[in-house]
Amino acid sequence: MIRILVATAAVLTMALHPAVARPPERLSTEKAEIVIETAACNLDHPWGLAFLPDGGMLVTERAGRLRIVSAGGQVSAPLRGTPPVHTGEGGLLDVAADPNFSENRFIYLTYGEPRESGAATAAGRGRLNSDQTALEDFQVIFRQQPVGSSDAGHFGSRLLFAPDGKLFISTGDRFNPGLAQDLSTDVGKLIRVNPDGSMPPDNPFANHKGARPEIWSYGHRNIQGLAVQPETGALWAGEFGPTGGDEINIIGPGRNYGWPLVSWGQHMDGSAIPRPPARPDLDDAAYHWSPSISFSGIAFYSGSSFPSWRGNLFLAGLTSQAVIRLTLLASRVTREERIPMGERIRQVVQGPDGLLYLLTDEDQGCILRFRPGR
């Protein structure tokens, strides 16, 4: 079912020099001929990308910097007013603009937050000032509990505003898998809050004794991809497996997605994990990969620039160094295509212009753009 496309020699050659802007290069894919071009470069491991109403792009750098990239590709100085971050696998991670940004100017961030006894995932918001040089009055709206070891990774950390205005925040298991099944913790959970951090009364565990009211779903290992399917309104989440077993899930409120009780992968020491069919009471993946493709951000395509891609789900491949395109029939994946990029791709976002924008996870990373080749 999977067909690996062969990239042009020029594309592979340019991937050896990620700090240098790519000249536009044409690439044939199964459904479209595309041109890969550079929107901006010289970013330090960019992680999250969000568009502003004027066409500018908010971009996080994992080391702790937030920048604005203009529609013309000019990269700003780091914005002031961002929170201190714990780096390593954490750092400054995702970014989102409020759905009502034109009225309130709120910008949301997730990050690894340094705490006295370790580090954990946090989310907060501040107002972008009028000259776009700082976030003002930054306030934390979510703090993962309990605090994990500073040496542990798996911070999760995607942000997604749902159509009803509620905010989803993904977390990871912080290398403490058993806590993903413990509803008294935020570890290995998908979180749902109001934009100010308050609790929606219709959350599935809002009145559940001993459970944290912000939890929407649980049994997750490390979600780094969130997207709403335009045709159905379903929430899709992508997460890393252990050794193999990367998976896409369709998320329902209060559902248990099985980690670490079941997995399509194996433990990192090679020991077996029961397969999901052994536990029909747990939610199985909609699609999974072994060996791993190690994907991060995901996005549904709904634009008009690539009509043959409309309704497809795109994944940003890290170790696979590809953009993965999934063709869907409702909730079923019917075909997979890998578009080779020759470097690690951290995020994929549909821009307001209907083009696809990618972040390369490099020391001097770039924002790349797919536009139609014809």
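These are some informal notes on the pockets, the cavities, one strand and three buried residues of a predicted model.

1. Let's start with the largest pocket. Its volume comes out at about 960 Å³. The lining takes in 34 residues, and those nearest the centre are Leu 159, Leu 160, Phe 161, Val 349 and Gln 350. As for which elements supply two or more lining residues, the strands are S4 (46–51), S7 (92–97), S11 (159–161), S15 (223–228), S19 (295–300) and S23 (345–350), with helix H2 (101–104) joining them. If you have the model open, the residues listed at the centre are a handy place to begin.

2. What is the class make-up of the largest pocket's lining? There are 24 nonpolar residues in it, along with seven polar and three charged ones.

3. The second largest pocket holds about 350 Å³ of space. It has 20 lining residues, and Glu 89, His 154, Asn 222, Phe 240 and Leu 318 are the ones nearest its centre. By class, this lining splits into six nonpolar, eight polar and six charged residues. Set that beside the 24 nonpolar, seven polar and three charged residues that line the largest pocket.

4. Now for the enclosed spaces. How many cavities of 30 Å³ or more are there? The count is two. The largest cavity contains about 70 Å³, and its lining consists of Gly 219, Arg 221, Glu 239, Phe 240, Gly 241, Pro 242, Gly 245, Glu 247, Tyr 257, Trp 259, Val 262 and Ser 263. Five of these count as nonpolar, four as polar and three as charged. Keep an eye on Phe 240, which is listed in this lining and also among the residues nearest the centre of the second largest pocket.

5. The second largest cavity has about 40 Å³ of space. Around it sit Glu 247, Tyr 257, Val 262, Ser 263, Trp 264, Pro 276, Asp 283, Asp 284 and Ala 285. That lining has five nonpolar residues, one polar and three charged. Glu 247, Tyr 257, Val 262 and Ser 263 appear in the linings of both cavities.

6. Strand S25 deserves a look of its own. It spans residues 365–372, and because six of its eight residues are buried, the strand is largely enclosed by the rest of the structure. Strand S3 (residues 33–43) pairs with S25 in the antiparallel sense through seven bridges; one of the bridge pairs is Ala 40 with Ile 367 of S25. Strand S24 (residues 356–360) also runs antiparallel to S25, joined by four bridges, and here Leu 356 has Phe 370 of S25 as its partner. Four residues separate S24 from S25, and the two make a hairpin.

7. Thr 360 belongs to that hairpin, since its place is in S24. Is Thr 360 buried or exposed? Its relative accessible area is 0%, so it counts as buried. The Thr 360 side chain reaches the backbone nitrogen of Cys 366 at 2.7 Å. Leaving out residues up to four places away in sequence, Thr 360 touches Pro 46, Glu 343, Arg 344, Ile 345, Gly 365, Cys 366 and Leu 368. Cys 366 is therefore both a neighbour of Thr 360 and, through its backbone nitrogen, the partner of the Thr 360 side chain.

8. Leu 66 lies in strand S6 (residues 65–69). With a relative accessibility of 0%, Leu 66 is classed as buried. Beyond four places in sequence, its contacts are Leu 58, Val 59, Thr 60, Ala 77, Pro 78, Leu 79, Thr 82, Leu 92, Val 95, Leu 109 and Leu 135. For a reference distance, the C-alpha atoms of Leu 66 and Leu 49 are 9.9 Å apart, with the two residues 17 apart along the chain.

9. Last comes a buried charged residue, Glu 214, with a relative accessible area of 5%. Where is Glu 214 placed? It sits in the loop between strand S13 (189–193) and strand S14 (215–218). Which side chain makes a polar contact with that of Glu 214? The partner is Arg 212, at 2.8 Å. Residues up to four places away in sequence aside, Glu 214 touches Phe 142, Asp 186, Leu 190, Ile 191, Arg 192, Val 193, Met 199 and Asn 203.

Notes. Residues are numbered from 1 along each chain as its sequence is written. This is a predicted model: local features need pLDDT of at least 70, side-chain atom pairs count only at pLDDT 80 or more; totals for chains, interfaces and linings use all residues. Side-chain values use heavy atoms; hydrogens and water are left out. On a 1 Å grid over the protein atoms alone, a cavity is a set of points where a 1.4 Å probe fits but cannot get out, and a pocket is an open set with protein on both sides within 12 Å along at least five of seven lines; lining residues have an atom within 4 Å of a point. Grid points are joined across faces, edges and corners, and a volume is the space filled by probe spheres set on the points. Ala, Val, Leu, Ile, Met, Phe, Trp, Tyr, Cys and Pro count as nonpolar, Asp, Glu, Lys and Arg as charged, and the others, Gly among them, as polar. Buried means under 20% relative accessible area, exposed over 50%, partly exposed in between (1.4 Å probe, protein chains only). A polar contact is a pair of N or O atoms within 3.5 Å; within protein, one must be able to donate a hydrogen and the other to accept it, and residues adjacent in sequence count only if both atoms are side-chain atoms. Contact means heavy atoms within 4.5 Å. Two strands pair if DSSP finds at least two bridges between them.
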